[in-house]
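Thanks for making the time this morning. I would like to talk through one structure with you, so please have a look at it before I begin.

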Amino acid sequence: MAEKEAHPALAPPRFARFLYHTAVAGVAIGFVATAYQVVGLAGHLGDPAARFLLIGALVIGLGYPLVRFAALPVTTARERVLWLAIVAVVVFDVLLGLTPPTARDELTHHLAVPRLYAERGRIFEIPFSLPSYYPMLLDMLYIPFAGGPRDFIPKVIHGAFGFLTGALLYGYLSLRLSPAYGLLGWFFFASTPVVMRLASQAYVDLGLAFFATASLLGTLVWKETRGYRWLITAGLSAGFALATKPNGILFFVIAYLLLLKHLGPSAPLRAWGPKALLFAACALAAFGPWLARNYVWTGNPLFPFLADWFGGEPVSADPGLGVLATRRLLYGESWWEIALVPVRLFFFGRDDDPRRFDGVLNPMLIVFLPWAFRGKWRDEKIFLFLFALCYLVYAVFLADLRTRYVLPIVPPLVILLVYAVHNIYLRISRPRLLFAALLGLVSLNVAYAASYFARVSAAGYLLGIESRDEYLTRFLPEYPIFLYANSRLPRSARVYLVFVGRRAYYLRRDYFHDYGELPRFLVDAIDKAAEPKALADALKRKDLTHLVVRENLLRRFLVDNLSPQKLALWESFAARSLRRLAHANDCSLYAILG
């Protein structure tokens, strides 16, 4: 962007080093997090040496790209503007990340499960928490900080993986084009609405995006240089993508198939077979400890998936309708609307609206695609496009689509977007039109940021006007009940959570909830009980001493799902065996008597 001439492929080697060192920094964090899991399984999470190693790896691994970013030799006005724009996005993410955790998945497992591990000083099986069986690479990094006033740090850690991903894009695009284009790609990714939102939440999707991007770019640079360090780094990154989230399985399958195609089936097997095996072996080395953990716990290394293949008791979670039926029956969408879901995702996303994918992208990620494939590195561009296309199509049909589920396609699309901008800039007679179009599309990200900051309502908390408890009470209806339970219930209490969304993070007493959103255990116990005492006995056998319920939701559910006789049995049980201890925001805490 600094000049009209295309930059040659022979870019300064410092960009290749920057790309490689950034990928290696992430891989090093992955190894330390995996080692921390092994330490936790052995019951030594509280060991000061283990914590020191983990925190040290975070400081060094996440601090490296930050130091390098601060020292970037920005030499032109456009580079300085882009550098400052990235700084503005980072400051925005950090400020929002300083607020107490309130996002749903933070409170159900990404912080709730690490808090349980931290309290017990070991990693143990939690049979009623399905996500606790998922790969939890990034969640290991949250353990030292979960459960206390420092629980904003996991949010900052997660946001830092977004920063690392931007650093990868900078290194690759600077290698291929120029530092200005590298900064442009970094900014496009960092300012994408779904990335800004996730960067202030203790999720794991940005970790998956980082490892996926490191694997893809490592594969491309290896193809060019034939340096085995790149192939090994790509394979390890793919393994850590598998260890971060179940979606990593989809990434690995697609990336590996594309790698085999990239190697060329026309070449002799002895030429490309060992390379493919090396990639897979490195991925297995990174993912293997997580497979071993689940195998020991359940007999199925991929539990709760593929129980028919690998064994292990299958999970009886709430049955789903399937993707097409969900959009057809629940959302009333026509067949043509369903067919256009992959395109609608980029234009009509909205936070907290499942019908509109619960997340926001930006149309510019795809509207410039026709101009991306001109010029050099066509094979690399096709490789990135095919990955994004395959991942998006499969993600649409494998799960009820959420924008963050397809986050690994955003970095490849950003690369293609920057290539498109580069190609248009070289050929357009009035570059101001291009800049105006880009500014108009980027303004959508700025508008989103302003709207999201207002929704998070962070100003009062950050300025000290609002306390932590006051902030959380505004966002979580069950929070006052949890405060009461934490201060009044005995340590021996075990609480059954019913219709509170499994958001158990702030409850400091032992708890139990169903696999899904519906209270199947309670309904089954009512169905099997012949009298109120039998229902009380069923709860006691589960060691349950208290209930936390959303009153209106439970009442409606029981009326809709129980026969009149069983509803009468429940009401008799509630009158005789439940004593309400606290009530707020339609949430109640009951003691189970007898």
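I will start with charged pairs and then turn to a strand and a helix.

Please keep in mind throughout that what you see is a predicted model. As general background, side chains of opposite charge can pair when their charged atoms come close. In this model, a search of the whole structure finds 23 salt bridges, and I will go through a few of them in turn.

Let me begin with aspartate 352 and arginine 197, whose side chains form a salt bridge with an N to O distance of 3.0 Å. This pair links distant parts of the chain, since aspartate 352 sits in the loop between α17 (341-347) and α18 (364-367), while arginine 197 belongs to helix α9 (residues 193-198), 155 residues apart. What is the relative accessible area of each partner? Aspartate 352 comes out at 57% and is exposed, whereas arginine 197 comes out at 12% and is buried.

The next pair is glutamate 333 with arginine 355, a salt bridge in which the closest N and O atoms are 3.5 Å apart. Here too distant parts of the chain are linked, with glutamate 333 in the loop between α15 (323-330) and α16 (335-339) and arginine 355 in the loop between α17 and α18, 22 residues apart. Glutamate 333 is buried, with a relative accessibility of 1%, and arginine 355 is partly exposed at 34%.

A further salt bridge joins the side chains of glutamate 551 and arginine 580, at 3.6 Å from N to O. Because glutamate 551 lies in helix α27 (residues 551-561) and arginine 580 in strand β4 (residues 578-584), this pair ties together parts that are 29 residues apart in sequence. Glutamate 551, at 19% relative accessibility, counts as buried because the cut-off is under 20%, and arginine 580, at 47%, is partly exposed. Beyond such pairs, there is also one network in which salt bridges with shared partners join Arg104, Asp105, Asp205, Lys245, Arg404, Arg502 and Glu517.

Let me move on to strand β1. Which way do the residues of β1 point? Arg494, Tyr496 and Val498 point one way and Val495 and Leu497 the other way, and all are buried. Since five of the five residues of this strand, which covers residues 494-498, are buried, β1 is largely enclosed by the rest of the structure.

As for its strand partners, β1 pairs with strand β2 (residues 510-512) in the parallel sense over three bridges, and four bridges join β1 to strand β3 (residues 546-550), again running parallel. Valine 495 appears in both pairings, standing opposite tyrosine 511 in β2 and opposite histidine 546 in β3.

That brings me to helix α24, which spans residues 479-488 and whose buried residues are Tyr479, Ile481, Phe482, Ala485 and Asn486. These residues lie on the same side of α24, because the arc they cover around the axis is only 155°. It may help to recall that an α-helix has 3.6 residues a turn, so residues three or four places apart point the same way. On the other side of α24, Ser487 and Arg488 are exposed.

What do the buried residues of α24 pack against? Their contacts are with α23 (468-475), β1, β3, β4 and β5 (587-592), which brings us back to the buried strand β1.

Note on methods:
Residues numbered from 1 in each chain as written. Predicted model: local features only at pLDDT ≥ 70, side-chain atom pairs only at ≥ 80, totals over all residues. Heavy atoms only, no water. Salt bridge = Lys/Arg side-chain N within 4 Å of Asp/Glu carboxyl O. Helix = DSSP H or I, 4+ residues; strand = E, 2+ residues; numbered from the N terminus. Buried < 20%, exposed > 50% of the residue type's maximum accessible area, 1.4 Å probe, protein only. Pairing = 2+ DSSP bridges. Arc of directions from axis to C-beta. Contact = heavy atoms within 4.5 Å.
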